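Please find below a short set of review points for a colleague who has not yet worked with this entry. The sequence and structure are shown first, and the comments follow.

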Protein chains: 2
Amino acid sequence: MISDTEKTQSEAATDKIRTLILSGTYRPGQPLRQEALSGHLSISRTPLRHALQSLAEEGLVEAVGFKGARVAQPDPQMVRDLFDMRLLLEPLALKSALEHHTKLDFAKAEMALDAADAERDLYKLSQLNWEFHHALYHPSGRRTLMRTIEHLNRASAFAETIAKSIVVRSEKSAAEHRELLQACRNADADDAIDRLTEHLRLAYRDIQNTEY
Amino acid sequence: MISDTEKTQSEAATDKIRTLILSGTYRPGQPLRQEALSGHLSISRTPLRHALQSLAEEGLVEAVGFKGARVAQPDPQMVRDLFDMRLLLEPLALKSALEHHTKLDFAKAEMALDAADAERDLYKLSQLNWEFHHALYHPSGRRTLMRTIEHLNRASAFAETIAKSIVVRSEKSAAEHRELLQACRNADADDAIDRLTEHLRLAYRDIQNTEY
DNA sequence: ATTTTTATTATTGGATACAATTATGATTTC
DNA sequence: GAAATCATAATTGTATCCAATAATAAAAAT
């Protein structure tokens with residue numbers, strides 16, 4: 001559960017529902033009835049609908065006309081697109097960030113890795129995974145690029161959680177992350193980008209194999 | 001004005017407001033008061049808020065907490081990010097589409113170009129511009145990729161409209177488009193991708209020079 | 001006179017009630 | 001008995017009203 005320090009109830013609901021989806025409580029394809037959900041979250045339908053719209057934009061929910069909303073179903077084509085895009089965009093972000101990295105950034109990244117080593121919950125693991133990547137990309141200062149990358153990461157985290165490929169990858173991923181972080185600390189741009197690319201390629205391969 | 005065949009009023013309002021922004025009626029930075037706008041569109045605030053949220057996700061509107069929404073202000077950094085991403089993603093879409101192109105796709109693309117030659121309205125011009133690119137990318141069948149590319153094109157169309165670089169580019173752009181289309185018809189992948197890349201580079205250069 | 005505090009107003013977010021749409025099941029028709 | 005039609009119920013979208021927040025103006029204190 002996330003802190004109650006949320007601003008609006010729409011945002012709070014967005015976070016809660018996202019957690020419910022990413023944690024697997026709401027399975028892909030499951031209908032999300034407005035009245036039931038709003039009652040479950042103890043809010044009215046108005047902020048709930050805002051939350052559903054936000055999640056639809058994120059790609060976690062599919063909403064159609066007057067028909068209602070359902071939990072999205074990641075398919076192989078979508079996963080392929082997500083990783084192809086990540087493979088193109090994330091190296092750019094990393095490259096742009098490399099010359100602006102501070103010790104604090106590396107420390108944040110390392111904290112996420114340490115926390116991930118001790119974490120067993122799938123959803124929290126995917127969150128820490130993004131925290132790590134975010135720490136390495138964010139110093140680029142390229143907000144629009146970062147926003148797109150964050151969207152892609154959320155969506156692929158969703159697919160990975162559903163496919164449970166995170167479990168399979170956890171140790172391998174940890175090692176790849178550490179090597180990537182070391183390359184960044186060495187300010188070795190070529191090496192860092194190579195390791196990032198390889199990391200994404202391997203993640204893609206594993207999700208392909210675990211997908212049903 | 002767009003047809004009244006819209007499904008929900010939220011969607012209709014989204015399209016109308018988008019047009020008002022892209023046509024320059026609502027200038028960047030301008031506050032978008034809910035009551036005033038809803039009155040102007042003869043709808044209640046409820047669907048209006050949905051429309052504003054959609055436009056915020058698109059990047060045309062910036063909405064903050066309880067403070068309200070404003071027309072977004074495209075800055076040079078954002079434009080740079082947009083074109084950097086387009087330069088990476090659109091060649092991929094084109095490459096994936098090349099082997100699936102039909103005569104109908106080429107016809108659609110050509111129709112957009114012909115219409116653009118006779119069009120003088122900035123907003124409609126940017127729409128036709130996207131129609132052309134869409135016709136060439138869509139046969140890839142890669143929906144998730146297309147969705148991201150569409151977002152990026154909307155946002156950069158916004159920036160181009162604001163900067164009025166479309167006017168400067170119209171003839172040059174038309175020529176580049178025709179050459180790109182011809183390369184696709186020839187099924188010359190390398191040539192097509194080269195021309196697309198060059199087209200995007202030139203568009204980026206021109207918007208940089210016209211930006212205030 | 002300037003700053004701080006308080007009260008008032010304007011604006012946004014949320015809850016409830018109503019209308020429009022779609023899904024479901026009964027009824028009719030062939 | 002199957003298909004089509006109609007009525008009913010379930011569900012979503014919209015309007016209106018109320019509450020919470022932020023902006024503004026007035027008053028008080030130093």
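**Review points**

1. In this predicted model, B:C184 counts as buried because its relative accessibility is 3%, and buried means under 20%. A:C184 likewise counts as buried, since its relative accessibility is 2%.

2. A disulfide is a covalent bond between the sulfur atoms of two cysteines. With a cut-off of 2.5 Å between cysteine sulfur atoms, the count over all chains is zero disulfides.

3. The protein surroundings of DNA strand D comprise 17 residues, and the closest are A:R45, A:R49, A:G65, B:Q9 and B:S44. By class, the residues of this surface divide into eight polar, five nonpolar and four charged.

4. Which helices supply at least two residues each of the surface near DNA strand D? In chain A this is α3 (45–58), while chain B provides α1 (9–22) and α3 (45–58).

5. Sugar or phosphate accounts for 74% of the atoms of DNA strand D within 4 Å of the protein, and the rest belong to bases. Two polar approaches to phosphate can be listed: a polar side-chain atom of A:R49 lies 2.6 Å from a phosphate oxygen of DNA strand D, and an N or O atom in the side chain of A:Q34 is 3.1 Å from a phosphate oxygen of that strand.

6. A base is also approached from chain A. The side chain of A:R45 has an N or O atom 2.7 Å from a base nitrogen of DNA strand D; A:R45 is also listed among the closest residues to that strand.

Methods. Residues numbered from 1 in each chain as written. Chains lettered and ligands numbered in written order. Predicted model: local features only at pLDDT ≥ 70, side-chain atom pairs only at ≥ 80, totals over all residues. Heavy atoms only, no water. Near = heavy atom within 4 Å. Polar contact = N/O pair within 3.5 Å; in protein donor to acceptor, adjacent residues only side chain to side chain. Helix = DSSP H or I, 4+ residues; strand = E, 2+ residues; numbered from the N terminus. Nonpolar A, V, L, I, M, F, W, Y, C, P; charged D, E, K, R; others polar. Buried < 20%, exposed > 50% of the residue type's maximum accessible area, 1.4 Å probe, protein only.
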